[in-house]
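Here's a quick briefing to read with the model open in your viewer. We'll start with one residue and its contacts, then move on to charge pairs and helix packing.

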Amino acid sequence: MQSSATVLVYSDDANTRAQVRLAAGRRPAADVPPVEFVECATLPAVLDALDAGGIDVCVLDGEAVPAGGMGVCRQIKDEIFRCPPVLLLIGRPQDAWLATWSRADAAVTLPVEPVEFAASLAGLLRARLSIDA
């Protein structure tokens, strides 16, 4: 197992980024490595972080403004070679179809529910780290 996993968290709202960090904790599951966070509040910061490499999973806020996480997800899936899996934060369960349109790998609703979020994040980390191994 690698020593740590890097999770990019995109939201224009610092409170949402804090919810994500708190819900994931230091390690979202016992069988995944501890996580380190790269926080981004703007689309250019997200693109720069992904271009630099080393991101294992992206958590994108679908309610972010001006660039919503759904549009960002679709863009990075088109533009980033071997794009990391994306966990999309959606405002309502009825928005799940938009998460599918954006090609997100998983979606959870806001506000972040810690058990559901940690389980989704751990699942994406397992898949990503097993492919990279």
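Leaving out residues up to four places away in sequence, Glu36 touches Ser4, Ala5, Thr6 and Val7. Keep in mind that this is a predicted model. The rest is grouped by topic below.

**Glu36 and its surroundings**

- Glu36 sits in strand 2.
- Take Thr6, one of the residues Glu36 touches: the two are 30 residues apart along the chain, yet their C-alpha atoms are separated by 4.9 Å.
- Is Glu36 buried or exposed? Neither label quite fits, because its relative accessibility is 46% and that counts as partly exposed.

**Salt bridges**

- As a general point, oppositely charged side chains can pair when their charged atoms come close.
- How many salt bridges does the structure hold? The count is six, and a few of them are worth a look here.
- Glu39 and Arg17 pair up through their side chains, at 2.9 Å from N to O. Glu39 belongs to strand 2 (residues 35–40) and Arg17 to helix 1 (residues 14–24), so this bridge ties together parts that are 22 residues apart in sequence.
- The two partners sit in their own settings: Glu39 is partly exposed, with a relative accessible area of 37%, while Arg17 is buried, at 13%.
- That pair also belongs to something wider, since Arg17, Arg21 and Glu39 are linked in a network of salt bridges.
- Asp105 and Lys77 form another bridge, with their closest N and O atoms 2.7 Å apart. This one links distant parts of the chain: Asp105 is in the loop between helix 4 (96–101) and strand 5 (106–109), Lys77 is in helix 3, and they are 28 residues apart.
- Both ends of that bridge are partly exposed: the relative accessible area is 41% for Asp105 and 23% for Lys77.
- Asp95 bridges to Arg92, and here the closest N and O atoms are 2.9 Å apart. Asp95 counts as buried because its relative accessibility is 7%, under the 20% cut-off, whereas Arg92 is partly exposed at 46%.

**Phe117 and its contacts**

- Phe117 is part of helix 5 (residues 114–132).
- Its relative accessibility is 0%, so Phe117 counts as buried.
- What does Phe117 contact, once neighbours within four places in sequence are set aside? The partners are Val20, Ala23, Ala24, Val59, Leu87, Leu89, Val108 and Val112.
- For a distance check, Phe117 and Ala107 are ten residues apart in sequence and 8.8 Å apart in space, going by their C-alpha atoms.

**Helix 2 against helix 3**

- Helix 2 (residues 43–52) packs with helix 3 (residues 69–79) at an angle of about 30 degrees, and the axes are 12 Å apart. Helix 2 is therefore roughly parallel to helix 3, because angles under 35 degrees get that label.
- Which way does the crossing go, left-handed or right-handed? Helix 2 passes helix 3 in a right-handed crossing.
- On the helix 2 side, the contact is made by Leu43, Val46, Leu47 and Leu50, and on the helix 3 side by Val72, Gln75 and Ile76.
- Sorted by class, this contact has six nonpolar residues, one polar and no charged ones.

Technical notes
Residues are numbered from 1 along each chain as its sequence is written. This is a predicted model: local features need pLDDT of at least 70, side-chain atom pairs count only at pLDDT 80 or more; totals for chains, interfaces and linings use all residues. Side-chain values use heavy atoms; hydrogens and water are left out. Axes are lines fitted to C-alpha atoms, for helices over the stretch in contact, and angles run from 0 to 180 degrees between N-to-C directions. Helices (H or I, at least four residues) and strands (E, at least two) are DSSP runs, numbered from the N terminus. Angles under 35 degrees count as roughly parallel, over 145 as roughly antiparallel, 65 to 115 as roughly perpendicular and the rest as oblique. A crossing is left-handed if the near helix is turned anticlockwise from the far one by less than a right angle, and right-handed if clockwise. Contact means heavy atoms within 4.5 Å. Ala, Val, Leu, Ile, Met, Phe, Trp, Tyr, Cys and Pro count as nonpolar, Asp, Glu, Lys and Arg as charged, and the others, Gly among them, as polar. A salt bridge is a side-chain nitrogen of Lys or Arg within 4 Å of a carboxyl oxygen of Asp or Glu. Buried means under 20% relative accessible area, exposed over 50%, partly exposed in between (1.4 Å probe, protein chains only).
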